[in-house]
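I opened my notebook to look through a protein structure, one small topic at a time. Here is what I wrote down along the way.

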Amino acid sequence: MSTSLPGTSTAVAPAATVRIIASPQSWVEGEAVRQLEAVARLPGMRLAVGLPDLHPGKGAPVGAAFESEGFLYPYLVGSDIGCGMGLWDVDLPVRKAKAERWAAKLDLEGAWEGDAEAFLTEHGGRATGFEAALGTVGGGNHFAEVQRVETVHDARVFEALGLRAERLLLLVHSGSRGLGEAILRTHVDRHAAGGLTAGTPEARAYLERHDGAVTWARANRALVARRTLEGIGATGRRVLDVCHNSVTVRHSDGRVGWLHRKGAAPWDEGPVVIPGSRGALSYLVLPVGTGEHSAHSLAHGAGRKWTRTAARERLKERFTADSLTRTVFKSHVVCEDRDLLFEEAPPAYKAIDRVVTDLVEAGLVRVVATLAPVLTYKTRGRSAE
């Protein structure tokens, strides 16, 4: 058993080290721990890390990172390959925000009217047959959110990013839409949840498709941001973009390994935004330390506290749909899918403050600023296929 950092616990599984980075104040569901330990027993697995937002997924936990050698596992990456967060500095002061007006007219549904193939090429991608969905948010926990700065905690880093406290920001959370799902389905049809031996033709073919989906997802976030900015009559500059569903090669001590992230933000790519629910703050953080203890990964959000079914059942007894279109920050929520409105309600998620505090106490991040929601866009009730 290795020595834990503050706010972490460590145990040894039969095949790999299992590490959960969460304080006793953070609630981690037993099923998520069981899934983490099951992944640690896969062939070639060396390290399985659960982050403070750890929660059960479909066969493998979300809010986790896994290091393997000799094998890579598409099932651990999941269907939304390349999903991540992008942050834009908006050239519009907070005082000019018109959240109610924007909520009434902003519409990101349907195929973009521009040249999707040219946009993909411009962003380093290529056509895949899923261009009708390019520039759309998608379902589930995806969103586009106009934000304001609540508090600046590290002015030096904040200003170095070119940010100003009086201006709006835009956070986009989306992925590769149907493309990533098609890639995973192709793998599952042949291998179920099994892995691929590194270096084989099948592994190389998967990685090529995977990397294309990561690029496609980044372009998708850029187009969602463009459509949102056009919708509110503003321009913007991308500050950061990070992926939290991926597998990447890592070289360490002369060994070649594979780092899988499933709902885990990168520790090693600079500042990261860790969002809460639509009724909570988001945290702009700077990674610190070495990152080795956490598999060079960070929490990617608050993490679900309740399943979607449980959230619908519990919250429909406490709230009306209309009441959930406003938050404690007096921000507006655009979500015309009634079930999704309840499934994604703030009480369905863990407390983001606790999640970030766990990361700080584990020596993984420093808080740069907190961001509050102004307008959260989910769906108009129509989606591109």
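**Lys 330 and other positive phi angles**

I began with Lys 330, which is exposed at a relative accessible area of 66%. I should say early that I am reading a predicted model. I found Lys 330 in the loop between helix 8 and strand 17. Its backbone caught my eye: Lys 330 is not a glycine, yet its phi is positive, at about 65 degrees. I reminded myself that most residues other than glycine have a negative phi.

I then looked up His 296, another residue that is not glycine, with a positive phi near 55 degrees. His 296 sits in the loop between strand 15 (282-287) and strand 16 (297-299). Is His 296 buried or exposed? I read a relative accessible area of 13% for His 296, and buried means under 20%, so His 296 is buried.

**Strand 4 and its partners**

Next I turned to strand 4, which covers residues 62-68. How many of the residues of strand 4 are buried? I noted seven of the seven, so strand 4 is largely enclosed by the rest of the structure.

I looked for the strands that pair with strand 4. Strand 3 (residues 45-55) pairs with strand 4 in the antiparallel sense, over six bridges. One pair I marked is His 55 with its bridge partner Val 62 in strand 4. Strand 3 and strand 4 make a hairpin, and six residues lie between them. In that turn I found Gly 59, with a positive phi of about 90 degrees.

Strand 12 (residues 255-262) also runs antiparallel to strand 4, and five bridges join the two. I wrote down two pairs here: Phe 66 has His 260 in strand 12 as its bridge partner, and Glu 67 has Leu 259.

**Strand 12 and its hairpin**

I stayed with strand 12 a little longer. Strand 12 is mostly covered, with six of its eight residues buried. Strand 11 (residues 245-252) is joined to strand 12 by eight bridges, and the two run antiparallel. I saw Leu 259 again here, because I was following strand 12: Thr 248 stands opposite Leu 259. Between strand 11 and strand 12 there are two residues, and the strands form a hairpin. Asp 253 lies in the turn, with a positive phi of about 55 degrees.

**Salt bridges**

Then I went on to charged side chains. How many salt bridges does a search of the whole structure find? I noted 25.

I looked up a few of them, starting with Asp 89 and Arg 237, whose side chains meet at 3.6 Å, N to O. Asp 89 is in strand 6 (residues 84-93) and Arg 237 in strand 10 (residues 236-243), so this salt bridge links distant parts of the chain, 148 residues apart. Asp 89 is buried at 4% relative accessibility, while Arg 237 is partly exposed at 37%.

My next entry was Asp 154 with Arg 366, where the closest N and O atoms are 2.9 Å apart. Asp 154 lies in the loop between strand 7 (143-152) and helix 5 (155-160), and Arg 366 lies in strand 18 (residues 365-379), so the pair ties together parts that are 212 residues apart in sequence. I read 13% relative accessibility for Asp 154, which counts as buried. Arg 366 counts as partly exposed, at 34%.

I also looked at Asp 339 and Lys 316, with 3.1 Å between the closest N and O atoms of their salt bridge. Asp 339 is in helix 9 (residues 338-343), and Lys 316 is in the loop between helix 8 (308-315) and strand 17 (332-335), 23 residues apart. Asp 339 is partly exposed at 34% relative accessibility, and Lys 316 is partly exposed at 38%.

Which residues are linked in a network of salt bridges? I listed Arg 304, Arg 308, Arg 312, Glu 343, Glu 344 and Lys 378.

**A positive patch**

My last stop was on the surface. Arg 95, Lys 96, Lys 98, Arg 101 and Lys 105 gather there in a patch of positive charge. I picked out Lys 105, which belongs to helix 3 (residues 99-105). Lys 105 has a relative accessible area of 51%; exposed means over 50%, so Lys 105 counts as exposed.

Terms used:
Residues are numbered from 1 along each chain as its sequence is written. This is a predicted model: local features need pLDDT of at least 70, side-chain atom pairs count only at pLDDT 80 or more; totals for chains, interfaces and linings use all residues. Side-chain values use heavy atoms; hydrogens and water are left out. Patches are made of residues with over 30% relative accessible area and no salt bridge: like charges are joined within 9 Å, nonpolar side chains (Val, Leu, Ile, Met, Phe, Trp, Tyr) within 5 Å. Accessible areas come from the Shrake-Rupley method with a 1.4 Å probe; for residues, only the protein chains shown count as cover. A salt bridge is a side-chain nitrogen of Lys or Arg within 4 Å of a carboxyl oxygen of Asp or Glu. Lys and Arg count as positive and Asp and Glu as negative; His and the chain ends are not counted. The place of a charge is taken as NZ of Lys, CZ of Arg, CG of Asp or CD of Glu. Helices (H or I, at least four residues) and strands (E, at least two) are DSSP runs, numbered from the N terminus. Buried means under 20% relative accessible area, exposed over 50%, partly exposed in between (1.4 Å probe, protein chains only). Two strands pair if DSSP finds at least two bridges between them.
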